[in-house]
Amino acid sequence: MEAAPQIDVILADDHALVRDGIRSLLEGFSEIRVLAEAADGEEALEQVEKHQPDILIVDIRMPKLNGIQTVARLSKQFTKTKALVLSMHDSEEYVIQSVEAGAYGYLLKDTNRLEFLKAIKTIHKGEKYFSGDISTILVNKFLEQSTAKPAVAPPPAATPTQKESAIKLTKRQREILQLAVEGMSNKEIADHLGKSVRTVEAHRFTMMKKMGVKNLLELSKKARAFGLID
């Protein structure tokens with residue numbers, strides 16, 4: 001029987017105990033080799049550059065660069081390495097943002113060891129893998145977008161003048177908007193700007209009301225359409 005291919009991985013999570021647990025689990029599989037660990041997004045990318053692993057297993061909430069930002073940079077800078085997001089968060093925003101950033105998979109931290117192995121093997125082959133609950137979120141979002149498509153041709157794109165008059169944001173709101181769509185939480189934005197979380201939340205609420213959106217995904221799409229973010 002032909003031996004299973006060796007799969008090299010790097011773990012990125014800001015909690016040492018979590019990394020220890022994941023490493024212990026993965027080292028129980030003969031075909032997986034853990035090359036290194038990282039406690040934040042920047043260190044994760046440094047380790048990827050150094051070791052060139054097949055897969056980076058990355059948490060969503062990390063310092064310096066969060067998981068989504070890390071995946072986005074990984075997708076652009078290190079195309080050999082594929083990202084598997086392993087998170088305790090099953091929110092639609094995190095899942096959609098991870099996929100848009102280039103993640104090949106998204107698993108919740110309560111997944112069992114056999115599904116974890118299946119996900120790693122599937123991604124190693126160049127295919128996508130999402131656990132059942134996460135797949136449901138993606139399917140629902142796809143169906144929602146499909147049913148929302150107009151049957152007639154869309155109206156002409158707004159000119160810069162029309163865009164500017166349609167939605168007006170303050171300099172601070174634009175700054176918060178940019179950081180939010182890059183994947184920062186309200187607390188991370190507050191720390192970055194030296195403001196309170198309540199202030200950031202108030203700005204986000206005002207922006208969403210101005211733009212007529214209900215969640216970060218809609219906010220991001222509309223902001224890009226109107227040229228409000230990079």
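Modeller: Before we begin, a helix axis is here a line fitted to C-alpha atoms over the stretch in contact, and the angle between two axes runs from 0 to 180 degrees between their N-to-C directions. Please keep in mind that this is a predicted model.

Colleague: How are helix 9 and helix 10 placed relative to each other, roughly parallel or roughly perpendicular?

Modeller: The axes of helix 9 (residues 186-193) and helix 10 (residues 197-211) come within 8 Å and cross at roughly 115°. Angles from 65 to 115 degrees fall in one class, and therefore helix 9 counts, with respect to helix 10, as roughly perpendicular.

Colleague: Which strands are the edge strands of the sheet?

Modeller: Six strands form an open sheet with parallel pairing, and their order is 2-1-3-4-5-6. Two of the strands pair on one side only, and these edge strands are strand 2 (32-38) and strand 6 (129-130).

Colleague: Which residue in strand 3 is the bridge partner of Leu 11?

Modeller: Strand 1 and strand 3 run parallel and are joined by four bridges. In the case of Leu 11, the bridge partner in strand 3 is Ile 57.

Colleague: Which strands each supply at least two residues of the lining of the largest cavity?

Modeller: A search of the whole structure for cavities of 30 Å³ or more finds one, and the largest cavity holds about 40 Å³ of space. Its lining includes Leu 11, Ala 12, Ile 57 and Val 58, and by class the lining has six nonpolar, no polar and three charged residues. The strands that each supply at least two lining residues are strand 1 (7-12) and strand 3 (55-58).

Notes. Residues numbered from 1 in each chain as written. Predicted model: local features only at pLDDT ≥ 70, side-chain atom pairs only at ≥ 80, totals over all residues. Heavy atoms only, no water. 1 Å grid on protein atoms, 1.4 Å probe; cavity = no way out; pocket = protein on both sides within 12 Å on 5 of 7 lines; lining within 4 Å. Points joined across faces, edges and corners; volume = space filled by probe spheres on them. Nonpolar A, V, L, I, M, F, W, Y, C, P; charged D, E, K, R; others polar. Pairing = 2+ DSSP bridges. Parallel < 35°, antiparallel > 145°, perpendicular 65-115°, else oblique.
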